[in-house]
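Here's a quick briefing to read with the model open in your viewer. Grab a coffee and follow along.

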Amino acid sequence: MNQAREFHPAANPFFTEALSGGGSTRPSHDFRHSPYATDEEFHRPPLKQGKRSVYGHRFPSRDFLTTVLAVVETDSTSGLDCRDWLGAAGTDHTSDRIRFAIFQVNEFEKSGQGKIAARMILRFVEKNFAARDLIAISTFLRAMDAATLSPWSIVAVLRSTFRARHIMPGWKAFLDQARDVLAARHEPVEKILYGLG
Amino acid sequence: MPVELQVVTPPGVTAPSGIALAIAGEAVTRTPDQRHISFLLQREEEWWLVHLAWQNYFGCDSILDPRFKACEYCYVEFDLFDEYNAFVFVEWLFELQASNSNTIPYSINLSDQPRFNATKNLLPFGVGEGFTCASFVKVVLELYGITLVDLEHWPIRESDGRWQEFILERLAKDAPAESIDAQRQLIGKVARLRPEEVVGAMMHLSSLPVDARNPVSFEVAQAAGEDVRGQMQRLGKS
């Protein structure tokens, strides 16, 4: 129905823009990004994603899961797409945004859709890396329980956060847990975790 | 170590893992003896060239789109991963591209990324930092946990300086002047990782069992890279 649910690259909001002309396009010569670490940038706090949703603060944080479930159940287009629901569920608070990402991952895992859960993880982590919000990634990582995740999600958590492993307090613990969990499931641990230490 | 390149033939590529490295010559770079490297990834049945093409151009280009000249590329399957990593790597690289398509500078500098400051904040690129198409493949793999080559012992070759001058001349049209100035200081002082050496190093690493995989040395990568160039010539894609 809605191709956005298929996670095809062309359905990605970023790709939609990039591929609208039939492919990613070379930026014009006038285009200038600002990738350099000025003093102002250096001290800038991490970017906050999103503005206040149309729902504002109608849904208190304590009822967050209830709210999300209600929205998901009543909306016929619900596919638990991160982009749509983050905007619709009052995610001004970082904690809500993270909690919802965790909720999504767990829901997909419970329904046996490990690959989609892995996509959720990768999207969440990469968006927050792009926003330089390492606190969000770290919080998300600590909430992940390898015992409840499929191998796709375990790999997604470890590989996507590998680059920041030295500054993420929960990374090594998650790796150790993942090793035990995968071994107990008789998966080829060394091959799956190759390069991760 | 037999390196067996094949020519990309849209719409299909024979690589069951869904991951390959693609390399092209003059037809794509429009420069004699200049090659370009790209990941070749399968997603939702379709194949995509995912690569750092130039300044601020981290592209994701369909091999079906004739503008990207996919049939001018040769490829070899990237066979380092199990089924879980093969899936996650492709998905991750697409997410990486989606979040960074216009923010990665091209540079002769062999930058290490990412870097963090003392307060554990992620630092943006410094002036003059960035990647070439080949060093970008290396860094992407490192971000994923795979150290492809041993760059600590990579020599600076005489021809590197000439190539760096040539690239900076072309890059000056698209990159900020301050970045070009910073890179000029590096001409002849930083090593160059060549596309064919990256392909060769990956092939070498793939041929080893998991517990014997160590970063590929310059000597091995260079020899494997020569093989790759020979194959490209035989296939008419040099």
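Let's start in the middle of things: in this predicted model, the largest nonpolar core has 116 residues, and B:Leu21, B:Ala22 and B:Tyr75 touch the most other members. The element that gives the most to this core is H2(B), with 11 residues.

**Around the core**

- Not counting neighbours within four places in sequence, B:Ala22 is in contact with B:Val8, B:Ser38, B:Leu40, B:Leu49, B:Tyr73, B:Cys74 and B:Tyr75.
- B:Tyr75, one of the residues that touch the most other core members, also turns up in the sheet, as the bridge partner of B:Gln6.

**The sheet in chain B**

- Chain B has an open sheet of 6 strands, in the order S1-S6-S2-S3-S4-S5, with antiparallel pairing.
- Which strands stand at the edges? They are S1 (6–7) and S5 (57–62) of chain B; each has a single partner strand, so one side of each is left without a neighbour in the sheet.
- S1(B) runs antiparallel to S6(B) (residues 73–77), and 2 bridges join them.
- As background, strands of a sheet pair through backbone hydrogen bonds.

**Helix H3 of chain B**

- H3(B) covers residues 133–144 and packs on the sheet, where it touches S3 (36–43) and S4 (46–54) of chain B. The direction of H3(B) makes about 45° with that of S3(B).
- Here's a quick sanity check on the helix: at 1.5 Å a residue, its 12 residues should span 16 Å, and the end C-alpha atoms of H3(B) are 17 Å apart, which agrees.
- Is H3(B) mostly enclosed or left open? Of its 12 residues, 10 are buried, so H3(B) is largely enclosed by the rest of the structure.
- If you want to click through them, the buried residues of H3(B) are B:Cys133, B:Ala134, B:Ser135, B:Phe136, B:Val137, B:Lys138, B:Val139, B:Val140, B:Leu141 and B:Tyr144.
- The cover over those buried residues includes H8 (151–161) of chain A, along with S3, S4, H2 (83–100) and H6 (195–206) of chain B.
- Just past the end of H3(B), B:Gly145 has a positive phi of about 110°.

**Chain A at a glance**

- Chain A has 10 helices and 0 strands, so to speak an α-α-α-α-α-α-α-α-α-α pattern when read along the sequence.
- Of the 197 residues in chain A, 37% are buried.
- Among chain A contacts with a separation of 6 or more, 64% link residues 24 or more positions apart.

Terms used
Residues numbered from 1 in each chain as written. Chains lettered and ligands numbered in written order. Predicted model: local features only at pLDDT ≥ 70, side-chain atom pairs only at ≥ 80, totals over all residues. Helix = DSSP H or I, 4+ residues; strand = E, 2+ residues; numbered from the N terminus. Buried ≥ 20, exposed ≤ 12 C-beta atoms within 10 Å, placed from the backbone. Contact = placed C-beta atoms within 7 Å. Pairing = 2+ DSSP bridges. Axes fitted to C-alpha atoms, helices over the stretch in contact; angles between N-to-C directions. Expected span 1.5 Å × (residues − 1). Core = buried A, V, L, I, M, F, W, Y, C linked by C-beta atoms within 7 Å.
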